[in-house]
Every structure is written in structure tokens, then in C-alpha cells.
Amino acid sequence: MLTQRQLFLQHNAQTSPEPLMLEFIRAKGVYIYDSSNKKHLDLIAGIGVSNVGHCHPAVVKAIQEQAETYMHLMVYGEYIQTPQVNFAKALADILPESLSCTYFLNSGTEAVEGAMKLAKRYTGRKGFIACKNAYHGSTHGAESLMESDFYSSGYGPFLPHVQFITHNNVADLDKITSEIAAVFIEPIQGEAGICVADLTYMQALRAKCDSTGTLLIFDEIQSGFGRSGKMFAFEHYNIAPDVLLLAKGIGGGMPIGAFISSFEIMSVLSHTPILGHMTTFGGHPVCCAAGLATLKILTEDKIVDEVEEKGQLFKQLLVHPAIKEIRGKGLMLAVEFESFEINKKIIDACILDGVLSDWFLHCSNSMRIAPPLIITKAEIEEACQIILKNINLVTS
């Protein structure tokens, strides 16, 4: 009989020449357990997905109850489905009034695609602006918003009329003109290695978009739902986007994405022509039930209130001559080393020692730290001890 490892290599499409090949059998809280039942402290939460931890009892209960009630009924937007309605209303309750209308999808990259169509349809314009070193997804439209580099090589040509600016560079905002439909930006750039936007830059960006009639679209697919120390990263800047993109952490581990705007802006998808954007499984009832449960956990248990303090504890404990810098807000952090080679050796050593981390697409010399938000101070201390131990092992 073939092992799971052999079957994986024979029948699962591979995304890299050397996958990690870790075989996990269950997960609970901040831990994932491998086939030998060894537990691994998860410092990446499925890349910012498991914000309330793995298999949170309230999320599991919501999934089970909804699965027993009904699952897929019809393509999105035709039937009134209680999980969709209740989750959309709960999101509207915690967002500014201008962000009251939600279109649910299956993933972050689908949210980007939907927002691109929305911006073109609403403004009647063709142009987009995105940031260098951004990552908005791997579908064709979303990848057009990533400046051509190693990761997009061989997949072009991409969409025309896309320009790129440098994150935090106010002078670059002059590229935003009345021909631009939308600016896509991460308030905290994820795959660039956690680059946090300045307050003055973000407010200048908002003002520039207002003056040119350009939609400002915030990609909070990684930073949303508490990861930055606030429920949404845009709250750090005293501004709001015209369109908000969410995914990853909003489903408690289930696949769901969303783009959110005002009813006025979103209404253009419903006419001339009708069905301006369609999805079969977007807003799946089970995923929406999981999302609502996740939101309730974050708000009722006041988990987000502790995120900044936990992030500061990582920064206080991770002190070592080999660490060049620690960037980020809340529990969205990057620990920078001299090179990718050193970083990868440390990450690999930590994995063997029971701590899971990884690196960033556009910043390979930095270690990602983005654990479930429910991680305790004792677990942070344990993780930091293991990281420091392996930094010494690799650099001594």
C-alpha cells in the first residue's frame, strides 16, 4: 500500500519543487499535530486564516448546525439565505456606513477580481494603480496588479492600463489621475515583508483619490479581522476605503472572501447588464455561518483588544544580534535576517523543534510571525525561546 506521502507526490498538483511534506492529522487551538502525534506551535495560522485558532468549538458548532440545515441552494444573490444575510448585517454593524453592502465569494483573489470589475463599471474608466511588491492573488486579473517579476514570469500578457507606485511614497501619488478607476493597496503590505503604511501617506492617498474621483480599494485580506490590533487595519488611519476586500481570517478556517462597498456603488453590478458578477459557491451557507461565528468570537471575547500587547511581547523577547529588524503591527510581524539562506535554515530548524513559520514572497530574508490571535503569553514565550535557540544554532 502506498503511503500518504507517495500518494501526495503522485496525485496532488505541486506548487514547488521541494514541498515541506509535513503530514498533519489534526489541529486544535494554536497547535497542529503530525502523523507521529508531535504537536507544532503554529505561528502562521495558515497565512493569517485561523485567527480564532484551529477548530474553535463555536465555529465547529456553527458549521455542523448549518450543514444539517442546508448547504448549496442556488447561485449567489437569488435566494434569501439566512447565514449570508446575518453575516452581511453583522459586518455592516462594525464597519462605517459607507461600507454596508457585501458581496461574498470563495477567496481573496476572487474578491480582488470582483472589485476590479466593480471599479471599471462604476467609474467607466480602465486604469488601475497598485503598489510594487504587492500581492493580491494568483488569478489572471489579480496577478495583473503585481508588478512583473519572478512569480509572474511566463504567465503574461496581463491586463493593460495598470501602473505601479511605491508604498509610502507620497510623490508617486501624482500618478493617480482622472483616468484611474481604482487604486488597490494593502494598508499593511503582507508579502512585501510587513510594510506598514504611514499615517500621512494614507491620508494623502485618500485625499488624492477624492480629488480625482478614483475608488480607493483596501486589500485587507491578510490584515483584516483583528490581525493588526484593530478589527480592520484602516482604523489605524482615521480614513475608510471606498471598497474593502476581506478573506483569509473571516471564515474561521472555511473558504470565504468578500468585497464590501456602499449600496450605491455595489448596485451597478445588478443592471445594464443584469448579473454583472456571478458566483456559484460564493457566500456558501456553511462558510457564512462559520464567518459569523468567528466575528462573534472576536468581538464578544474581546480578543482583538489583546493583539497589540501580544505583538509587543514578540518584539520584546526576540532580541538577538542576528535579527536586523522586526516590522509590523499587532500579530502581523516580520523578523528580518541577513539573507534568505540564514532565514530558511532558522525556519527549518524551528519546524524540527515544533514551531511552524515561513517567509514572504517578496521578502525572503524575513520570517513570518502571524499566529492565531488566541495565542497566550506563555505560548509566545515558548515560541520565542525556540526561535532564539535555533537562531543561535544556525548563526553560531
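Begin by selecting α4 (82–94), β4 (101–105) and α8 (263–266), each of which supplies at least two residues of the lining of the second largest pocket; helices (H or I, at least four residues) and strands (E, at least two) are DSSP runs, numbered from the N terminus. The model is predicted, with local features needing pLDDT of at least 70 and side-chain atom pairs counting only at pLDDT 80 or more, while totals for chains, interfaces and linings use all residues. Residues are numbered from 1 along each chain as its sequence is written, and side-chain values use heavy atoms, with hydrogens and water left out.

Within that selection, colour β4, which gives the most to the pocket lining, with 4 residues. The second largest pocket has a volume of about 680 Å³, and of its 26 lining residues those closest to the centre are Tyr 76, Gly 77, Cys 101, Thr 102 and Tyr 103. On a 1 Å grid over the protein atoms alone, a pocket is an open set of points with protein on both sides within 12 Å along at least five of seven lines, a cavity is a set where a 1.4 Å probe fits but cannot get out, and lining residues have an atom within 4 Å of a point. Grid points are joined across faces, edges and corners, and a volume is the space filled by probe spheres set on the points. The pocket lining divides into 15 nonpolar, 10 polar and 1 charged, where Ala, Val, Leu, Ile, Met, Phe, Trp, Tyr, Cys and Pro count as nonpolar, Asp, Glu, Lys and Arg as charged, and the others, Gly among them, as polar.

Turn next to the enclosed spaces: the structure holds 2 cavities of 30 Å³ or more. For the largest, with about 50 Å³ of space, select His 72, Met 74, Gln 84, Gly 282 and Pro 285, which lie nearest its centre among 13 lining residues; this lining comprises 6 nonpolar, 7 polar and no charged residues. The second largest cavity, of about 30 Å³, appears on selecting Gly 48, Ile 194, Gln 222, Arg 227, Met 332, Phe 360, Arg 368 and Ala 370.

Pro 285 also leads to a helix pair, since helix α9 covers residues 285–300 and packs with helix α3 (residues 57–69) at an angle of about 150 degrees, their axes 8 Å apart. Axes are lines fitted to C-alpha atoms, for helices over the stretch in contact, and angles run from 0 to 180 degrees between N-to-C directions. The pair is therefore roughly antiparallel, given that angles under 35 degrees count as roughly parallel, over 145 as roughly antiparallel, 65 to 115 as roughly perpendicular and the rest as oblique. Residues in contact (heavy atoms within 4.5 Å) include Ala 62 and Ile 63 of α3 and Ala 289 and Ala 293 of α9, and the contact as a whole has 11 nonpolar, 2 polar and no charged residues.

Now show helix α12 (residues 377–395) with helix α11 (residues 340–352), packed at about 130 degrees with axes 9 Å apart, and therefore oblique to each other. Among the residues that meet are Ile 346 and Ala 349 in α11 and Ile 387 and Ile 391 in α12.

Finally, add helix α10 (residues 307–317), which packs with α12 at about 30 degrees, with axes 10 Å apart, and is thus roughly parallel to α12. The contact includes Glu 309, Lys 310 and Leu 313 of α10 and Lys 377, Ile 380 and Glu 381 of α12; by class, this contact has 6 nonpolar, no polar and 4 charged residues.
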